[in-house]
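Reader: I am new to this structure and would like a close look at a single part, the metal site. Please describe that site and then place it in the whole protein.

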Amino acid sequence: MKAFVMKKVGEVGFVDKPIPEPGPYDALIKTTKALICTSNIHEVHGRVKAMLDKKNVTLGHEAVGIVEKVGSHVKVFKPGDRVALGGKTPNWLDPISQAGHSSHAGGPMGGHEFELKRDGAFAEYFLVTQADGNLAHIPDSVPDEAAVFAGDIVTTGIGGAENAHIPPGGIVAVFGAGPIGLMCVRGCRLLGAGLVIAVETIPKRKELAKFYGADIVIDFKEEDPVEKIISLSDDGLGIDSAIEAVGTQITFESCVRVTKPGGTISNVGYHGGREYVNIPVEAWVGGMAEKTITTIMSPGGRERLRRMLRLIENGRVDPTKLISHRFKFDDIEKGFRLVESKDPEVLKVLIDFE
Ligand code: ZN
């Protein structure tokens, strides 16, 4: 079968690989749709430590498909089922999974098995371990091109909003309206925020922030977002929650600055590739601010995937507005280069395998 791989750090391309054979708890999936993730770019650019020595590893962890074959111990799925994949495919027997942090099963990022530990989904077929835990049936009314967002983009965005602990009616700011930030905005609305503020400068993303439920969009090139957000808060004391959805020092520290004492900073941005993330001490009241910093990495599992798919099924979230470009699998490298280019028009690139 044809697979799109990272040949080594800095180099991607197609190679031929044998179709994998499922073990007793595994499922083999025939890929129908996939999305390119910014983390695939980080991996190829050498920003992910576990990928530095990898050769010819198939990329891709955001995908849907049709079950082709299952192992003898798989109970929930059978050949022909249309399924969504979790972006993380952890070992559910691991103690860290059992403690509720399955994305880190076996150690930091350990649940991110695709790419980091085994071949990913940018291939004609892909293998899913512990299939009963790591896949979910796609509801009939949900098209593949919507379901493909459930396992990473939707679960991470909704998770970032959950982690922000927004009190009903409270004020939240989301820094960055990329695909994840936009799903955070949607999550904040669904979770009952009273005022949702998005911080973004790219016109298309500003427009989508409104579409997904931001009440106010602050363009950081036109005004200072920290000052503006604080001016919108009750008595100018700061807001309840801030979500960091970019992965830069400036956005992280802005989140610390805009929150009031007791507030929550929910981080979904990837800060890998540098040594420290700094906390502004004054806004942190020297460590006494009673502010909480929470982090999340695309929580997976069948139970959660089903809930994310239900949000899509019943119109609570329409992730398809995030699709900015589409390519056939043969042209996936063009899509990869687009995401790599940081072209402001690029949101999510959908790959069609049919
Ligand atoms: Zn991803």
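Author: The metal site comes first, followed by the protein around it.

This is a predicted model, in which local features need pLDDT of at least 70 and side-chain atom pairs count only at pLDDT 80 or more, while totals for chains, interfaces and linings use all residues. Residues are numbered from 1 along each chain as its sequence is written, and side-chain values use heavy atoms, with hydrogens and water left out.

The zinc ion has as its protein donors C37 (SG), H61 (NE2), E62 (OE) and D152 (OD), at 1.9 to 2.3 Å. Donors here are N, O and S atoms within 2.8 Å of the metal (3.2 Å for Na, K and Ca); because water is not among the atoms, sites may look incomplete. Along the sequence, the donor residues follow the spacing C-x23-H-E-x89-D.

The four donor atoms subtend angles of 92 to 146° around the zinc ion, so the arrangement is irregular. Four donors count as tetrahedral if all angles lie between 85 and 135 degrees; four count as square planar and six as octahedral if opposite donors are over 155 degrees apart and all others between 65 and 115; anything else is irregular.

H61 counts as buried because its relative accessibility is 1%, and E62 counts as buried at 2%. Buried means under 20% relative accessible area, exposed over 50%, and partly exposed in between (1.4 Å probe, protein chains only). Across the protein, 56% of the 354 residues are buried.

The C-alpha atoms of the protein fill a box of roughly 60 × 40 × 35 Å along the principal axes.
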